[in-house]
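Colleague: I'd love a close look at just one part of this structure, the surroundings of a single strand and a single helix. Please walk me through the side chains there and how they sit against one another.

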Amino acid sequence: TARVSGTDRALPANSVSVIIPARNAAATIARTLRSLAPDAGLIGEVILVDDGSTDQTIAIATSTSKAFELPIRLVSAQAGSAGAARNLGLETASGDFVYFVDSDDEPMPGCLHRLVDALANQPDCGIAIGANIRRTAGRIDKTKSPAGFTSDLVKNAESYLRNRILPIAMGSALVRRSAVGPARFPEKAGLDEDTIFWAAVLTQAVPATV
């Protein structure tokens with residue numbers, strides 16, 4: 001177990017399944033994996049779903065994971081979309097918590113500890129939602145913090161779908177595997193497949209915010 005300063009509650013070690021969909025991500029996957037290293041003690045598996053990459057994604061992911069002692073599991077598939085790749089990861093995940101990261105995301109050091117701690121200290125909550133920083137070349141960084149969530153699950157989902165609540169970014173939320181239930185990502189949607197998934201989760205999981 002690990003402990004977070006300021007709390008007496010122990011965090012379960014190796015309890016997080018990290019799911020990363022990747023397709024031709026050789027240019028970014030090493031940075032993404034390196035960024036997980038500070039929270040490696042909480043990670044039981046990093047499931048990299050390689051969606052038919054034709055570059056060095058698998059080789060770079062394998063060597064980087066070995067260098068930083070990350071427990072990587074490679075799943076090779078012709079998923080055809082990020083949603084389908086994430087669903088494959090969900091089907092094989094074994095951790096108590098699921099953490100979705102895209103292959104060009106860089107989680108902040110310690111973010112998993114804070115998200116797990118939020119759920120450990122609020123056992124009635126099924127999802128912990130943190131802030132995220134959107135970086136676009138040539139533009140000022142934009143920080144988005146979670147707000148507007150309540151204990152009313154239907155209201156949360158409705159507000160989320162109506163854009164009254166800021167989108168939940170991949171890499172900024174941790175969900176209990178038990179709270180995912182039947183929710184899955186649409187596999188044919190070209191855009192906003194994550195919106196549909198998170199809205200479904202919000203109908204059955206009380207959120208904690210960080």
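**A buried arginine and an aromatic cluster**

Modeller: Happy to! R176 is found in strand β8, which spans residues 173-176. Please keep in mind that this is a predicted model. R176 is buried yet has no salt bridge. The nearest side chain of opposite charge belongs to D96, 7.7 Å away, whereas a salt bridge would need the nitrogen and the carboxyl oxygen within 4 Å. D96 is nevertheless one of the residues in contact with R176. Setting aside neighbours within four places in sequence, the other contacts of R176 are F97, L119, A120, Q122, P123, C125 and G126.

From β8 we can move on to helix α7, since this strand is among the elements that cover the buried residues of α7. The cover also includes α3 (82-92), β4, β5 (125-129), α5 (153-161) and α6. The helix is mostly covered, with eight of its 10 residues buried. These are E193, D194, T195, F197, W198, A199, V201 and L202.

Now to the rings. With centres within 6.5 Å taken as a pair, the count comes to five aromatic pairs. One of them joins F100 and F197, with 5.5 Å from centre to centre and 80° between the planes, an edge-to-face arrangement. This pair links distant parts of the chain, as F100 belongs to strand β4 (residues 97-100) and F197 to helix α7 (residues 193-202), 97 residues apart. Both partners are inside: F100 is buried at a relative accessible area of 1%, and F197 is buried at 0%.

F197 has a second partner in F185. Their ring centres are 4.0 Å apart and their planes meet at 10°, so this pair is stacked. F185 lies in the loop between α6 (177-180) and α7 while F197 is in helix α7, so the pair ties together parts that are 12 residues apart in sequence. F185 also counts as buried, because its relative accessibility is 2%, against a limit of 20%.

Taken together, F100, F185, F197 and W198 form one aromatic cluster. A charged side chain joins the scene here too: R86 lies over the face of F185, 5.0 Å from the ring centre.

So which two rings would I show you together with F197? I would pick F100, edge-to-face with F197, and F185, stacked with F197.

Notes. Residues numbered from 1 in each chain as written. Predicted model: local features only at pLDDT ≥ 70, side-chain atom pairs only at ≥ 80, totals over all residues. Heavy atoms only, no water. Phe/Tyr/Trp six-rings, centres within 6.5 Å; stacked < 30°, edge-to-face > 60°. Helix = DSSP H or I, 4+ residues; strand = E, 2+ residues; numbered from the N terminus. Buried < 20%, exposed > 50% of the residue type's maximum accessible area, 1.4 Å probe, protein only. Lys NZ or Arg CZ within 6 Å of the ring centre and 35° of its normal. Lys, Arg positive; Asp, Glu negative; His and termini not counted. Contact = heavy atoms within 4.5 Å.
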